[in-house]
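Reader: I want the reasoning behind each label, not just the label. Can we go through the structure that way?

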Amino acid sequence: MIAFREGEKMLTLYRRHGLILAAELAPIILFAIVLIGVGVFAIEQIPDEIASLRILGLLGILFFLHLLWIALFVVLADFFLDVWVLTDQRVIAIEQKGLFARTVSEFDLSRIQDVTIEVHGIIPTMFNYGNLIARTASEHESFIFKQVGRPHEIKDALIQASTAQRNSALAAIAKHVQSNT
(Lines give C-alpha, C1' and ligand atoms only; values in the text may rest on other atoms or scores of the structure.)
Protein backbone atom coordinates (compact mmCIF):
# COMPACT_ATOMS: atom_id res chain seq x y z
CA MET A 1 0.00 0.00 0.00
CA ILE A 2 1.24 3.47 -0.82
CA ALA A 3 1.26 5.92 2.05
CA PHE A 4 0.51 9.44 0.90
CA ARG A 5 1.68 12.49 2.75
CA GLU A 6 -0.79 14.81 4.41
CA GLY A 7 -2.52 16.91 1.76
CA GLU A 8 -0.90 14.98 -1.09
CA LYS A 9 -3.08 14.11 -4.07
CA MET A 10 -2.49 11.40 -6.64
CA LEU A 11 -2.52 12.90 -10.13
CA THR A 12 -2.16 9.73 -12.19
CA LEU A 13 -0.79 6.20 -12.33
CA TYR A 14 1.40 4.84 -15.13
CA ARG A 15 2.13 1.28 -16.25
CA ARG A 16 4.10 -0.30 -19.04
CA HIS A 17 2.46 -0.33 -22.47
CA GLY A 18 -0.15 -3.06 -23.08
CA LEU A 19 1.78 -4.30 -26.11
CA ILE A 20 4.58 -5.37 -23.76
CA LEU A 21 2.11 -7.52 -21.83
CA ALA A 22 0.84 -9.04 -25.07
CA ALA A 23 4.41 -9.82 -26.19
CA GLU A 24 5.14 -11.54 -22.87
CA LEU A 25 1.87 -13.52 -22.88
CA ALA A 26 1.96 -14.61 -26.53
CA PRO A 27 4.66 -17.32 -26.17
CA ILE A 28 2.97 -18.79 -23.10
CA ILE A 29 -0.44 -18.92 -24.78
CA LEU A 30 1.02 -20.26 -28.03
CA PHE A 31 2.90 -22.97 -26.16
CA ALA A 32 -0.30 -23.95 -24.31
CA ILE A 33 -2.23 -24.24 -27.58
CA VAL A 34 0.52 -26.36 -29.17
CA LEU A 35 0.74 -28.51 -26.04
CA ILE A 36 -2.99 -29.15 -26.06
CA GLY A 37 -3.05 -29.90 -29.79
CA VAL A 38 -0.06 -32.24 -29.74
CA GLY A 39 -1.28 -33.88 -26.52
CA VAL A 40 -4.78 -34.57 -27.85
CA PHE A 41 -3.32 -35.93 -31.09
CA ALA A 42 -0.88 -38.17 -29.20
CA ILE A 43 -3.58 -39.44 -26.83
CA GLU A 44 -5.83 -40.29 -29.78
CA GLN A 45 -3.03 -42.42 -31.27
CA ILE A 46 -2.83 -44.66 -28.19
CA PRO A 47 -4.71 -47.95 -28.73
CA ASP A 48 -7.79 -48.65 -26.61
CA GLU A 49 -6.08 -51.68 -25.08
CA ILE A 50 -3.74 -49.42 -23.07
CA ALA A 51 -6.30 -46.93 -21.74
CA SER A 52 -4.22 -46.32 -18.61
CA LEU A 53 -1.56 -44.75 -20.83
CA ARG A 54 -4.17 -42.27 -22.06
CA ILE A 55 -4.86 -41.23 -18.48
CA LEU A 56 -1.14 -40.76 -17.86
CA GLY A 57 -0.87 -38.67 -21.04
CA LEU A 58 -3.81 -36.54 -19.94
CA LEU A 59 -2.25 -36.05 -16.49
CA GLY A 60 1.04 -35.03 -18.15
CA ILE A 61 -0.76 -32.44 -20.27
CA LEU A 62 -2.58 -31.10 -17.21
CA PHE A 63 0.71 -30.87 -15.30
CA PHE A 64 2.35 -28.80 -18.04
CA LEU A 65 -0.76 -26.63 -18.41
CA HIS A 66 -0.58 -26.00 -14.66
CA LEU A 67 3.05 -24.85 -15.04
CA LEU A 68 2.01 -22.55 -17.88
CA TRP A 69 -0.79 -21.17 -15.69
CA ILE A 70 1.79 -20.33 -13.01
CA ALA A 71 4.02 -18.65 -15.62
CA LEU A 72 1.02 -16.68 -16.84
CA PHE A 73 0.29 -15.55 -13.28
CA VAL A 74 3.91 -14.42 -12.74
CA VAL A 75 3.90 -12.37 -15.96
CA LEU A 76 0.55 -10.74 -15.10
CA ALA A 77 1.62 -10.00 -11.52
CA ASP A 78 4.88 -8.43 -12.70
CA PHE A 79 3.06 -6.29 -15.28
CA PHE A 80 0.29 -5.01 -13.03
CA LEU A 81 2.46 -4.45 -9.95
CA ASP A 82 5.08 -2.35 -11.80
CA VAL A 83 3.64 1.16 -11.43
CA TRP A 84 4.73 4.77 -11.33
CA VAL A 85 2.50 7.07 -9.30
CA LEU A 86 2.58 10.81 -9.98
CA THR A 87 1.32 12.94 -7.12
CA ASP A 88 1.32 16.70 -6.73
CA GLN A 89 4.49 16.44 -4.58
CA ARG A 90 6.50 13.42 -5.75
CA VAL A 91 6.82 10.39 -7.99
CA ILE A 92 6.63 6.92 -6.45
CA ALA A 93 8.19 4.10 -8.50
CA ILE A 94 7.21 0.54 -7.57
CA GLU A 95 9.00 -2.25 -9.39
CA GLN A 96 8.02 -5.86 -8.76
CA LYS A 97 10.98 -8.23 -9.12
CA GLY A 98 9.63 -11.76 -9.02
CA LEU A 99 6.78 -12.81 -6.78
CA PHE A 100 8.32 -11.94 -3.43
CA ALA A 101 10.61 -8.97 -4.11
CA ARG A 102 9.64 -5.36 -4.68
CA THR A 103 11.56 -2.10 -4.89
CA VAL A 104 9.81 1.14 -3.95
CA SER A 105 11.58 4.43 -4.73
CA GLU A 106 10.39 8.00 -4.67
CA PHE A 107 11.64 11.45 -5.49
CA ASP A 108 10.27 14.93 -4.93
CA LEU A 109 9.14 16.79 -8.02
CA SER A 110 11.27 19.76 -7.03
CA ARG A 111 14.40 17.64 -7.52
CA ILE A 112 13.80 16.92 -11.21
CA GLN A 113 16.69 18.27 -13.26
CA ASP A 114 16.18 16.57 -16.62
CA VAL A 115 13.65 14.33 -18.33
CA THR A 116 14.76 12.19 -21.29
CA ILE A 117 12.70 9.95 -23.56
CA GLU A 118 14.19 6.93 -25.33
CA VAL A 119 12.24 5.30 -28.14
CA HIS A 120 14.27 2.72 -30.05
CA GLY A 121 12.91 0.80 -33.03
CA ILE A 122 10.01 0.85 -35.44
CA ILE A 123 7.49 -0.97 -33.22
CA PRO A 124 7.93 1.35 -30.20
CA THR A 125 7.70 4.32 -32.56
CA MET A 126 4.53 3.00 -34.23
CA PHE A 127 2.82 2.09 -30.96
CA ASN A 128 4.10 5.17 -29.08
CA TYR A 129 5.95 3.65 -26.14
CA GLY A 130 9.45 3.88 -24.74
CA ASN A 131 11.57 4.57 -21.69
CA LEU A 132 11.33 7.84 -19.80
CA ILE A 133 14.32 8.77 -17.66
CA ALA A 134 13.92 11.41 -14.96
CA ARG A 135 17.24 12.62 -13.60
CA THR A 136 17.17 14.09 -10.13
CA ALA A 137 19.43 15.75 -7.60
CA SER A 138 19.26 12.85 -5.16
CA GLU A 139 21.12 9.71 -4.18
CA HIS A 140 19.41 7.72 -6.95
CA GLU A 141 20.38 9.96 -9.83
CA SER A 142 17.84 8.70 -12.36
CA PHE A 143 14.48 6.98 -12.33
CA ILE A 144 13.44 4.97 -15.37
CA PHE A 145 9.83 4.55 -16.41
CA LYS A 146 10.31 1.37 -18.49
CA GLN A 147 8.32 0.83 -21.68
CA VAL A 148 5.55 3.28 -20.81
CA GLY A 149 2.92 4.31 -23.31
CA ARG A 150 2.74 7.93 -24.47
CA PRO A 151 6.14 8.92 -23.00
CA HIS A 152 5.88 12.47 -24.40
CA GLU A 153 2.62 13.08 -22.51
CA ILE A 154 4.15 11.66 -19.32
CA LYS A 155 7.17 13.94 -19.76
CA ASP A 156 4.87 16.96 -20.12
CA ALA A 157 2.86 15.90 -17.04
CA LEU A 158 6.05 15.46 -15.00
CA ILE A 159 7.41 18.85 -16.01
CA GLN A 160 4.05 20.54 -15.42
CA ALA A 161 3.69 18.95 -11.95
CA SER A 162 7.31 19.84 -11.12
CA THR A 163 6.78 23.46 -12.15
CA ALA A 164 3.54 23.68 -10.16
CA GLN A 165 5.23 22.19 -7.09
CA ARG A 166 8.15 24.63 -7.35
CA ASN A 167 5.79 27.59 -7.80
CA SER A 168 3.76 26.59 -4.74
CA ALA A 169 6.96 26.22 -2.70
CA LEU A 170 8.12 29.69 -3.82
CA ALA A 171 4.71 31.14 -2.97
CA ALA A 172 4.88 29.58 0.52
CA ILE A 173 8.35 31.03 1.06
CA ALA A 174 7.23 34.45 -0.14
CA LYS A 175 4.20 34.32 2.16
CA HIS A 176 6.40 33.33 5.11
CA VAL A 177 8.87 36.15 4.40
CA GLN A 178 6.03 38.66 4.01
CA SER A 179 4.42 37.59 7.28
CA ASN A 180 7.73 37.99 9.15
CA THR A 181 8.24 41.57 7.95
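Author: Start with a hairpin: strand 2 and strand 3 form one, with two residues between them. Keep in mind that this is a predicted model.

Reader: What makes strand 2 and strand 3 a pair?

Author: The bridge count. Two strands pair if there are at least two bridges between them. Strand 2 and strand 3 are joined by four, and they run antiparallel. One bridge sets V85 against I92 in strand 3. Also, L86 stands opposite V91 in strand 3.

Reader: How do you know that strand 3 and strand 4 pair?

Author: Apply the cut-off of at least two bridges. Strand 3 and strand 4 (residues 102–108) have seven, and they run antiparallel. I94 faces V104 in strand 4. Q96 stands opposite R102, again in strand 4. Five residues lie between the strands of this hairpin, and G98 takes a positive phi near 80° there.

Reader: Which sheet do these strands belong to, and why is it called open?

Author: Four strands form an open sheet in the order 1-2-3-4, with antiparallel pairing. Strand 1 and strand 4 are at the edges with a single partner strand each, so one side of each has no neighbour in the sheet. On average, neighbouring strands here are turned by 15° against each other, direction ignored.

Reader: What holds strands of a sheet together in general?

Author: They pair through backbone hydrogen bonds, parallel or antiparallel.

Reader: Why is strand 3 called largely enclosed?

Author: Count its buried residues. Buried means under 20% relative accessible area. Six of the seven residues of strand 3 are buried, so the rest of the structure largely encloses strand 3.

Reader: What is the order of the sheet with strand 5, strand 6 and strand 7?

Author: The three strands form an open sheet in the order 5-6-7, and the pairing is antiparallel. Strand 5 and strand 7 take the edges. Each has a single partner strand, so one side of each is left without a neighbour in the sheet. The average turn between neighbouring strands of this sheet is 20°, direction ignored.

Reader: How do you know that strand 6 and strand 7 pair?

Author: At least two bridges are needed. Strand 6 and strand 7 have six, in the antiparallel sense. R135 stands opposite S142 in strand 7.

Reader: Which helix lies across strand 5, strand 6 and strand 7?

Author: Helix 4 does, running at about 175° to strand 5.

Reader: How do you know that the length of helix 4 agrees with its residue count?

Author: Compare two spans. Helix 4 (residues 151–180) has 30 residues, which should span 44 Å at 1.5 Å a residue. The end C-alpha atoms are 43 Å apart, which agrees.

Reader: Which residues of helix 4 are buried, and what do they pack against?

Author: P151, I154, L158, A161, S162 and Q165 are the buried ones. They pack against strands that include strand 1 (10–14), strand 2 (83–87) and strand 5 (112–118).

Reader: Why is I173 called exposed?

Author: I173 is found in helix 4. The exposed class starts over 50%. I173 has 52% relative accessibility, so it counts as exposed. The C-alpha atoms of I173 and L67 are separated by 58 Å, with their positions 106 residues apart along the chain.

Reader: Why are helix 1 and helix 2 called roughly antiparallel?

Author: Use the crossing angle. Their axes come within 10 Å and cross at roughly 175°. Angles over 145 degrees count as roughly antiparallel. Helix 1 and helix 2 are therefore roughly antiparallel to each other. Their contact has 20 nonpolar, three polar and three charged residues.

Reader: How long is helix 2 against expectation?

Author: Helix 2 has 31 residues and reaches 45 Å from first to last C-alpha, close to the 45 Å expected at 1.5 Å a residue.

Reader: Which residues of helix 2 are buried, and what makes W69 exposed?

Author: I61, L68, L72, V75, A77 and F79 are buried. Their cover includes helix 1. W69 also lies in helix 2. The cut-off for exposed is over 50%. W69 has a relative accessible area of 58%, so it is exposed. W69 and I28 are 41 residues apart in sequence, and 8.6 Å apart in space, C-alpha to C-alpha.

Notes:
Residues are numbered from 1 along each chain as its sequence is written. This is a predicted model: local features need pLDDT of at least 70, side-chain atom pairs count only at pLDDT 80 or more; totals for chains, interfaces and linings use all residues. Side-chain values use heavy atoms; hydrogens and water are left out. Axes are lines fitted to C-alpha atoms, for helices over the stretch in contact, and angles run from 0 to 180 degrees between N-to-C directions. Angles under 35 degrees count as roughly parallel, over 145 as roughly antiparallel, 65 to 115 as roughly perpendicular and the rest as oblique. Ala, Val, Leu, Ile, Met, Phe, Trp, Tyr, Cys and Pro count as nonpolar, Asp, Glu, Lys and Arg as charged, and the others, Gly among them, as polar. The expected span of a helix is 1.5 Å times one less than its number of residues. Buried means under 20% relative accessible area, exposed over 50%, partly exposed in between (1.4 Å probe, protein chains only). Contact means heavy atoms within 4.5 Å.
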